[in-house]
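Colleague: I would like to learn how to read a ligand site in a model. Please take me through one.

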Amino acid sequence: MSNRTVDDSAEQLPPPLQPHVLFMPPLGDGFESSSDEAHETEVADRDVPEYSLFGTEPVEEERLFWYRWIAGHQVSFLLWRAMCDVVWHHPEDDGPGERELELLSTCVDGYSAMLLYSSTVPREHYHADIRTRMALQHPAFSGTWAPDYRPVRRLFRGKMPWQADPSCAALDEAVTRNGITHSHIADHLVPDGHSLLQQSAGAPGVSVSREKEDLYDNFFLTVRRPVSHAEFVAQLDSRIADLTDDLQHNGLYPNVDGQHHPVVSNQSGEVMRPLLTGVLDVLDRAARLVSDMRLEEAHR
Ligand code: HEM
């Protein structure tokens, strides 16, 4: 993993805000074995930099929020996929161990942080640009089509057989926080409450076809092919590095023509508040746990 401590001169340069293609294993496939595995052995200690909530640098709206929408989703896919491994290991009553539970709750919080990060787009811009692009990709475009979410959906519903155990209390809290965050950002960006899926004709009960999953992947620049765990971790790490540059330069709530567009107001969202200042911290913890888990498995 790279060392993400950023030097002062680098901080001055505007980040390129360039989305990258994400390579993910085909759904249901494990990771490829790879000679790179040896390079995963150590994660360097690094400082997680701070960032401002309210940015001061004027931003190029279309580029920044498109980048955030794609990058926030791609990081979510990586976190879901990391969670899949644990869920696949514990399909029945034998629940995950302490480290695995820590990985699950950290990845759930990381996903919640990505919901907030992606939703920092001003509402008007979301409707004029991002939602329009999704509706052009398919009129019923929906998060329910996300391939990597499917295997962890039961967990987000609290339905894994081992989830009632007291050892899962922190995970339960993270899952509850995630539900609150998703509802909050949906209400914030689409106050009339209708998703594209719900708005489109004949939407209820549509099943997810392979074509819809491909349309979803394609929109978020995601390509399915064999991926080693080392490559998987490297892709997570490089996205966190890019996101760090963005947050340090633009703040969580960027300066858009002299205005800020907070996602969580002072009056609402007590449970979400730590995620707003802790985006980089939670992602850093998730990346370490994901990387270490594989090493522990390899040494078993
Ligand atoms: C920030 C990015 C977002 C992500 C990553 C995301 C993710 C997801 C996922 C994974 C699901 C499937 C849940 C399941 O099957 O149990 C879902 C469903 C849903 N999402 Fe989101 N979501 C996002 C933004 C939004 C927004 C802005 C709205 C506003 C309307 C919204 C409204 C809904 C609704 C109503 C559903 C239920 C199914 C449907 O009608 O599409 N989401 N979302």
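Modeller: We will go through the ligand, its surroundings and then the salt bridges. Keep in mind that this is a predicted model.

Colleague: How many residues surround the ligand, and which are the closest?

Modeller: A residue belongs to the surroundings if one of its heavy atoms lies within 4 Å of the ligand. Here 22 residues do so, with Ser142, Arg153, Arg157, His182 and Ser195 the closest. The shell is made up of 11 nonpolar, 9 polar and 2 charged residues. The ligand takes up the space of the largest pocket.

Colleague: Which helices each supply at least two residues of that shell?

Modeller: Those are H2 (61-89), H3 (98-118), H6 (169-189) and H7 (196-199). The largest share, 4 residues, is from H6.

Colleague: What is the protein donor of the iron atom of the ligand?

Modeller: A donor is an N, O or S atom within 2.8 Å of the metal; water is not among the atoms, so a site may look incomplete. In this case His182 is the only protein donor, through NE2 at 2.2 Å. Histidine 182 is part of helix H6. A polar side-chain atom of this histidine is also 2.9 Å from a nitrogen atom of the ligand.

Colleague: Where do the serine side chains meet the ligand?

Modeller: Both contacts are to oxygen. Serine 142 places a polar side-chain atom 2.9 Å from a ligand oxygen. For serine 195, a side-chain N or O atom is 2.6 Å from an oxygen atom of the ligand.

Colleague: How many salt bridges does the structure hold?

Modeller: There are 16. One of them pairs aspartate 292 with arginine 99, at 3.7 Å from N to O. This pair links distant parts of the chain, 193 residues apart: aspartate 292 is in helix H11 (residues 279-299) and arginine 99 in helix H3.

Terms used. Residues are numbered from 1 along each chain as its sequence is written. This is a predicted model: local features need pLDDT of at least 70, side-chain atom pairs count only at pLDDT 80 or more; totals for chains, interfaces and linings use all residues. Side-chain values use heavy atoms; hydrogens and water are left out. A polar contact is a pair of N or O atoms within 3.5 Å; within protein, one must be able to donate a hydrogen and the other to accept it, and residues adjacent in sequence count only if both atoms are side-chain atoms. On a 1 Å grid over the protein atoms alone, a cavity is a set of points where a 1.4 Å probe fits but cannot get out, and a pocket is an open set with protein on both sides within 12 Å along at least five of seven lines; lining residues have an atom within 4 Å of a point. A molecule sits in a cavity or pocket if more than half of its atoms lie within 2 Å of its grid points. Ala, Val, Leu, Ile, Met, Phe, Trp, Tyr, Cys and Pro count as nonpolar, Asp, Glu, Lys and Arg as charged, and the others, Gly among them, as polar. Donors are N, O and S atoms within 2.8 Å of the metal (3.2 Å for Na, K and Ca); water is not among the atoms, so sites may look incomplete. A salt bridge is a side-chain nitrogen of Lys or Arg within 4 Å of a carboxyl oxygen of Asp or Glu.
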